[in-house]
Amino acid sequence: MVFADPPYFLSNNGLSIQNGQIVSVNKGKWDKSHGFDYINKFNRNWLSKVRNVMKEDATIWISGTMHNIFSIGQILTELDFKILNIITWQKTNPPPNFSCRYFTYSTEQIIWARKSKKVPHYYNYELMKQLNDNKQMQDVWKLPAIAKWEKSCKKHPTQKPLSVLTRIIMASTKPNAWILDPFTGSSTTGIAANLANRRFLGIDQETDFLEISKCRKIEIENEKTAELYRKKISGFNTKTEYNKYLITEPKPIEKVSLGFCRKKDIPYLTNTNKFYFHAIEQNNFVQDFPTEILETKEIFLYQGGRGKPLFFTGHYGKIKEIKLKHKSQIKGKEKSRTEYYYEITLEHNFKYDKSILSRLEPKILFDKNDRTNKELLKKYLPAITTKEKVIENNKKKEKANAESHTHLQFAKTNSTSQKLQKSMSLPTLQTERKE
Ligand SMILES: C[S@@+](CC[C@H](N)C(=O)[O-])C[C@H]1O[C@@H](n2cnc3c(N)ncnc32)[C@H](O)[C@@H]1O
């Protein structure tokens, strides 16, 4: 999911009232208006870039006011997004109108759109209903502007309240989801995401704002503070409702990696808990990089290929950490054709279980429409599945063993398995040693 609070381009030297004082509406240089053409060009540029990194079923929320929201709406349509809702956030405590010549400005708009017209999105209908007296949640949200306790790390000039971001995140993501905010400022999105057990990536051009973000992140690393903040967030029926709901949210199924290796790499791999896998070749697009690998908790090794069947070697390991590293950060790899590597650290060295020796059956290991992982497997790159599917794949082997004496017999004894492994011609290097 993406939440974006881009510049509204409203810093036009106007005046407003804050705490009874007349103040300038100017937010910073980044918010100065340069005319409609400039705003359109700016919005088209960042929206196309963000669209490229969104998953097919991902949604995007963009906040704005009359200064930028028409441009955003037009460009979303131009880029083929499907607009789902336009939320009106009605502030319960707006500042009075200074000129007394207009109605008080008390709302902001938040457009919710999805990337693909065809692929369905996620909506937590039941929770939204629960938060609205058991009636369907409507597209007008009455939530207060930012509260004092949210400014504990110095305030960003356009900081959003956690209540708005929490509702957005809870309505449109599942636990552990990745959330991106390309105009993160003080990272209200990130704080709301982490408080909700979701993951977050934020971008901003101003280091001062990123310092506020860091300070806020450090604050909520203390679980007591996090729990207290969850109690203070508006929009829930009781103070404890949010904490209670998060405990009951179903946890997502854990993913596992399937990592290709050559037979000659196995002695090395079983003697270390840190190794590298190819991630992105020079000609790949960053979009080809399967970020899902970073979510995996276990890795299973496989061999084979080049016309021969692919099979599990029986080696598996619990993953402690996976990092994406540029070749320049890895000694000895500076001149490699591969631009990026996954650096994988295991909790312990690989374990061996001969009952995992079985042929890889893509039909069992991957969902019908999971073309990405099927392709990765074909290229001997790390592919992602679930442990349940690896077990199911293995059961198929047992069934096949019982039914006939086929190639799968090699799983029965170590010596036959070794013979089979020896007879395989081994494909190009995909596993890399730590220098
Ligand atoms: C409206 S504020 C976001 C505030 C944020 N939602 C919060 O709660 O703190 C927009 C942010 O976009 C940043 N920004 C403006 N232009 C940018 C650009 N071209 N690239 C990256 N960040 C930019 C500004 O520094 C500012 O922090």
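This report walks through a predicted protein model, from its overall build to a few single residues.

**The whole chain**

Let us start with the big picture. The protein has 435 residues, and 33% of them count as buried. Its secondary structure comes to 13 helices and 17 strands. Among contacts with a separation of 6 or more, 68% join residues that are 24 or more positions apart.

How confident is the predictor? The average pLDDT is 86, and 87% of the residues score at least 70. Residues 404–435 have a pLDDT below 50, and in the model this stretch has 56 contacts beyond near neighbours in sequence.

**Two nonpolar cores**

In soluble globular proteins, nonpolar side chains tend to be buried together. Here, the largest nonpolar core has 40 residues, and Phe3, Ile169 and Ala192 touch the most other members. Several elements each supply at least two residues of this core, among them strand E1 (2–4), strand E4 (59–64), helix H2 (69–78), helix H4 (162–172) and helix H5 (188–195). The largest share, seven residues, comes from H4.

What does Ile169 touch, apart from its neighbours within four places in sequence? Ile169 is in contact with Ile179, Ala192, Ala193, Ala196 and Arg198. There is also a second, separate core of 36 residues, which includes Leu258, Phe260, Ile344 and Ile356.

**A closer look at helix H2**

Which residues of H2 are buried? Ser71, Ile72 and Ile75 are buried in this helix. They lie on the same side of H2, because they cover an arc of only 100° around the axis. An α-helix has 3.6 residues a turn, so residues three or four places apart point the same way. The buried residues of H2 pack against H1, E4 and E6. Just after H2 comes Asp80, which takes a positive phi of about 75°.

**Positive phi angles**

That angle at Asp80 brings us to a small group of like residues. Most residues other than glycine have a negative phi, and most peptide bonds are trans. The table lists residues with a positive phi and says where to look for them.

| Residue | Phi | Place |
|---|---|---|
| Asp80 | about 75° | just after H2 |
| Asp133 | near 60° | loop between helix H3 (125–130) and strand E7 (140–143) |
| Lys154 | near 75° | loop between E7 and H4 |

Is Asp133 buried or exposed? Asp133 is exposed, because 8 other C-beta atoms lie within 10 Å, and the cut-off for an exposed residue is 12 or fewer. Lys154 has 13 C-beta neighbours inside 10 Å, so Lys154 counts as partly exposed.

**A loop residue, Lys32**

Another residue to find in the structure is Lys32, in the loop between strand E3 (21–24) and helix H1 (36–53). Lys32 counts as partly exposed because it has 15 C-beta neighbours inside 10 Å. Lys32 and Leu10 are 22 residues apart along the chain, yet their C-alpha atoms are separated by 6.4 Å.

**Around the ligand**

Finally, have a look at the ligand. How many residues surround the ligand? There are 16 of them, and the closest are Asp5, Phe183, Gly185, Ser186 and Thr188. By type, the shell around the ligand divides into five nonpolar, seven polar and four charged residues.

Conventions: Residues are numbered from 1 along each chain as its sequence is written. This is a predicted model: local features need pLDDT of at least 70, side-chain atom pairs count only at pLDDT 80 or more; totals for chains, interfaces and linings use all residues. A residue is near a molecule or strand if its C-beta atom, placed from the backbone, lies within 6 Å of it. Ala, Val, Leu, Ile, Met, Phe, Trp, Tyr, Cys and Pro count as nonpolar, Asp, Glu, Lys and Arg as charged, and the others, Gly among them, as polar. Helices (H or I, at least four residues) and strands (E, at least two) are DSSP runs, numbered from the N terminus. A residue is buried if 20 or more other C-beta atoms lie within 10 Å of its own, exposed if 12 or fewer, and partly exposed in between; C-beta atoms are placed from the backbone. A nonpolar core is a set of buried Ala, Val, Leu, Ile, Met, Phe, Trp, Tyr and Cys residues joined through C-beta atoms within 7 Å. Two residues are in contact if their C-beta atoms, placed from the backbone, lie within 7 Å. pLDDT is the predictor's confidence in each residue, from 0 to 100. The arc is that of the directions from the helix axis to the C-beta atoms.
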